[in-house]
Every structure is written in structure tokens, then in C-alpha cells.
Amino acid sequence: MGHPVGFADLVMFGLVAGWLTVRTGGLEAAIALHVANNLISSVVAAALGDLGMDETAADMPWQFAVIDVPVLLAYAWVVVRLARGAGVATESSVEPCDRVPPPRGPEAETGLADHREDPQDSSNRHLSPSSSARR
């Protein structure tokens, strides 16, 4: 069923993983955290002879959460310091609204604005003149 402390630890894990993803600009640090977490918990379970148990992380007792939260925060601090030292970009230089202007006019309502081709622009031709003549 789970304990509130176990659920709180899972929420903390998700928040740290999400924050790392934003701060480092990629999923690698969050994935590494998840792999390390699963590996350590499997090794501990094997050492205690509990590999066959059916409990989940939500069933974690408070004693493990007291250890897990500082370890999560320390990992996040180390990764962000390393990313900063390596010059990892944490912000995009392109604003999402600057990428493509929204379509205007009657084409916007029908969806035709995205599919029109400019007859003067040969860059959006997918067929060469010889292949279109073969049709």
C-alpha cells in the first residue's frame, strides 16, 4: 500500500531528476541517478536476502528516506557543479514563440497554411523533374 514517507521520497526523487534535466539540458544525469538508485537498492536487497520481496519504493521506511534525501541532494549538487565547470548550456537561446509565426487568415482555420508550396521555391520540391515526368 505504501507509506507517506515512501511517497514523499519518490516525489523528492522525481523533483531532483526533473531539476537535473532542466539544469543540465538533458536526461543523462537523471537517468544516471535512476540507474545508480536501482543498482544500489538491488545490491542492498541481495545482501539482505530480500530479492524476492514484493515491496516497492513507496513502502520505504523512514530510516531509508532519511539517508536517501541527503544523497539525492548531494548528487544533484555535484552534477550541477560539474556541469557548470564543463560549460554545459542550461538555457536555450531560442524563444519558443520566435521559431515559427502562427498562420493568419482563412488558411489557419483549415490547416492549409502548413501544406502550401511556393511555386517559385524549388527547395520544397521532393521530386526531381525527371521523376515527376515518369508518373
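When I speak of a contact this morning, I mean heavy atoms within 4.5 Å. With that in hand, among the contacts in this chain between residues at least 6 apart in sequence, 69% join residues that are at least 24 apart. I should say at once that what we are looking at is a predicted model, and that everything I describe has been computed from it.

Let me begin with the overall layout. The chain has five helices and zero strands, so that, in the sense of helices and strands as DSSP runs, its elements read α-α-α-α-α from the N terminus on. Of the 135 residues in the chain, buried ones make up 16%.

I will turn next to the core. The largest nonpolar core has nine residues, namely Phe13, Val16, Leu20, Ala29, Leu33, Leu72, Ala76, Val79 and Val80. The elements that contribute two or more residues to this core are α1, spanning 4-24, α2, spanning 28-48, and α3, spanning 62-86, and the largest share, four residues, comes from α3. One core member that I would like you to find on the screen is Ala29, which, if we leave aside its neighbours within four places in sequence, is in contact with Leu20, Thr24, Tyr75 and Val79.

Now to the helix pairs, starting with α1 and α2. These two pack at an angle of about 145°, with their axes 8 Å apart. On the α1 side the residues that meet α2 are Phe13, Val16, Ala17, Leu20, Thr21 and Thr24, and on the α2 side they are Ala29, Ala30, Leu33, His34 and Asn37. By character, the residues of this contact divide into seven nonpolar, four polar and no charged.

For α2 and α3, the packing angle is again given as about 145°, and here the axes lie 11 Å apart. The crossing of α2 and α3 is right-handed. Ala29, Ala32, Leu33 and Asn37 of α2 make this contact with Asp68, Leu72, Tyr75 and Val79 of α3, and the residues involved divide into six nonpolar, one polar and one charged.

Staying with α3, this helix has 25 residues and reaches 36 Å from its first C-alpha to its last, which is close to the 36 Å expected at 1.5 Å a residue. Which residues are buried in α3? They are Ala65, Asp68, Leu72, Ala76, Val79, Val80 and Ala83, and what covers them includes α1 and α2. As a general reminder, an α-helix has 3.6 residues a turn, so residues three or four places apart point the same way. After α3 comes Gly87, whose phi is positive, near 75°.

I would like to finish with two individual residues, taking Gly6 before Ser41. Gly6 is found in helix α1, and is it buried or exposed? Gly6 counts as buried because its relative accessibility is 0%, where the cut-off for buried is under 20%. Not counting residues up to four places away in sequence, Gly6 touches Ala57, Ala58 and Met60. The C-alpha atoms of Gly6 and Asp59 are separated by 5.5 Å, although these two residues are 53 residues apart along the chain.

Ser41, for its part, has its place in helix α2. Ser41 counts as partly exposed, because its relative accessibility is 40%, and that value falls between the limits of under 20% for buried and over 50% for exposed. The C-alpha atoms of Ser41 and Leu51, which are 10 residues apart along the chain, are separated by 9.8 Å.

Methods
Residues are numbered from 1 along each chain as its sequence is written. This is a predicted model: local features need pLDDT of at least 70, side-chain atom pairs count only at pLDDT 80 or more; totals for chains, interfaces and linings use all residues. Side-chain values use heavy atoms; hydrogens and water are left out. A nonpolar core is a set of buried Ala, Val, Leu, Ile, Met, Phe, Trp, Tyr and Cys residues joined through side-chain atoms within 4.5 Å. Buried means under 20% relative accessible area, exposed over 50%, partly exposed in between (1.4 Å probe, protein chains only). Axes are lines fitted to C-alpha atoms, for helices over the stretch in contact, and angles run from 0 to 180 degrees between N-to-C directions. Ala, Val, Leu, Ile, Met, Phe, Trp, Tyr, Cys and Pro count as nonpolar, Asp, Glu, Lys and Arg as charged, and the others, Gly among them, as polar. A crossing is left-handed if the near helix is turned anticlockwise from the far one by less than a right angle, and right-handed if clockwise. The expected span of a helix is 1.5 Å times one less than its number of residues.
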